[in-house]
Amino acid sequence: MDKKEIRLVISGTYSTGKTTTTTALSIATGIPLINALSAREILTDLYPGRRFQDMNATELLALGLKRMEERIREEMALYQTSGSFISDGSVMNEWIYGTVRMKVGINPGSSFSHRMAKAVLGLPARGFFKKYLDAYGQVANQHAKQWYTDTVHLPIEFEMESDGHRLVSEKYRMLSDQELKNAFISIGLEPKLVMGSQVERVKKIVELYHLPLVVPVEEAVKLAETRIQKNRETVAQRIIEQYSEPGLKEKFLIMTKY
């Protein structure tokens, strides 16, 4: 690998601001950003009208696999064209999110009765899903070890965004935050912890890795926030248009299908 190449992962769990940090860093440095579809964008194509908090285990696994496919394809494309990239999360995210769901419940943002029903119904399948996630983890870990050169981890500093479409619990957030850090440490890519405002974060990462600066950091952050807000509004509108409140029978089927 050329010493000038960097394939940098910006890691973190839900609502840590990693999409803004990653996008702003790419704009500021000119290093290309992994342009993979977000989980919410994939959801609107794969399962139109479904909410994250209502998805069953099969749907969640399919979503994770599709996200991994998206990431790997985009990583390969950027590696071939520039050798370097900045990634918003990594193949480790979907694996960790899956393992944490097995610990706290597959629908951590749903109602108490929903979570209890899924917990009981899922007991016979837990052995299979644990084996599946172990295999998934082996693939994700090997890929991360071979493809990523550096990792920055953004800890939980901000309150969780309440957008109604990707609800998780604080327990889920805290546990996935810790397990993401541990996962990178276990493969020899101990992440550097970066905190502060978006401007402070980007400046710190530029300094840590001696990255080029082609756009002033403050301007890059503003551009990133505008771009992300526009995209989120588009996706949120699409989700709203697709969603229709399920009737009692459908709610029962959602609750009782693991």
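**Close-up views**

**View 1. His210, an exposed loop residue.** His210 has a relative accessible area of 70%, so it counts as exposed. The model is predicted, here and in every view below. His210 sits in the loop between α8 (198-209) and α9. Its phi is positive, about 55°, although His210 is not a glycine.

**View 2. Ser15, a buried loop residue.** Ser15 belongs to the loop between β1 (7-11) and α1. Phi of Ser15 is near 55°. That value is positive, in a residue other than glycine. The relative accessible area of Ser15 is 11%, so the residue counts as buried.

**View 3. Helix α1 crosses helix α9.** Helix α9 spans residues 217-242, and helix α1 spans residues 18-29. The two axes come within 8 Å and cross at roughly 130°. That angle makes α1 oblique to α9. The crossing is right-handed. On the α1 side, the contact residues are Thr19, Thr20, Thr23, Ala24, Ile27 and Ala28. On the α9 side, they are Ala220, Val221, Leu223, Ala224, Glu225, Arg227, Ile228 and Arg232. By class, this contact of α1 with α9 has eight nonpolar, three polar and three charged residues.

**View 4. Thr23, a buried residue of α1.** Thr23 lies in helix α1. Its relative accessible area is 6%, so Thr23 is buried. Residues up to four places away in sequence are not counted in the contacts that follow. Thr23 touches Leu33, Ala224, Arg227 and Ile228. Ala224, Arg227 and Ile228 also appear on the α9 side of the contact between α1 and α9.

**View 5. Helix α2 packs against helix α3.** Helix α2 covers residues 39-46, and helix α3 covers residues 57-81. They pack at an angle of about 120°, with their axes 10 Å apart. This makes α2 oblique to α3. The crossing of α2 and α3 is right-handed. Helix α2 contributes Ala39, Ile42, Leu43 and Leu46 to the contact. Helix α3 contributes Ala62, Leu63, Lys66, Arg67 and Glu70. Six of the residues in the contact of α2 with α3 are nonpolar and three are charged; none is polar.

**View 6. Helix α4 crosses helix α7.** The axes of α4 and α7 come within 9 Å and cross at roughly 135°. That makes α4 oblique to α7. The crossing of α4 and α7 is right-handed. From α4, the contact draws on Met92, Asn93, Trp95, Ile96, Tyr97, Thr99, Val100, Arg101, Lys103 and Val104. From α7, the contact draws on Lys171, Tyr172, Leu175, Ser176, Glu179, Leu180, Ala183 and Phe184. The residues of the contact of α4 with α7 divide into eleven nonpolar, three polar and four charged.

**View 7. The largest nonpolar core.** This core has 24 residues. Those with the most contacts inside it are Met92, Trp95, Ala140, Tyr148 and Phe184. Helices α3, α4 (91-104), α6 (126-147) and α7 (170-186) are the elements that give two or more residues to this core. The largest share, six residues, comes from α4. A second, separate core has 22 residues. Ile10, Ala28, Val215 and Val217 are among them.

**View 8. Contacts of Trp95.** Trp95 is one of the residues with the most contacts inside the largest nonpolar core. Neighbours within four places in sequence are left aside here. Trp95 is in contact with Leu133, Tyr136, Gly137, Ala140, Asn141 and Ala183. Ala140 is also among the residues with the most contacts inside the core. Trp95 and Ala183 both take part in the contact between α4 and α7.

**View 9. Phe252 of helix α10.** Helix α10 spans residues 248-255 and holds Phe252. The relative accessible area of Phe252 is 54%, so the residue is exposed. Phe252 and His114 are 138 residues apart along the chain. Their C-alpha atoms are separated by 9.3 Å.

Key
Residues numbered from 1 in each chain as written. Predicted model: local features only at pLDDT ≥ 70, side-chain atom pairs only at ≥ 80, totals over all residues. Heavy atoms only, no water. Axes fitted to C-alpha atoms, helices over the stretch in contact; angles between N-to-C directions. Helix = DSSP H or I, 4+ residues; strand = E, 2+ residues; numbered from the N terminus. Parallel < 35°, antiparallel > 145°, perpendicular 65-115°, else oblique. Left-handed = near helix turned anticlockwise from the far one by under 90°. Contact = heavy atoms within 4.5 Å. Nonpolar A, V, L, I, M, F, W, Y, C, P; charged D, E, K, R; others polar. Buried < 20%, exposed > 50% of the residue type's maximum accessible area, 1.4 Å probe, protein only. Core = buried A, V, L, I, M, F, W, Y, C linked by side-chain atoms within 4.5 Å.
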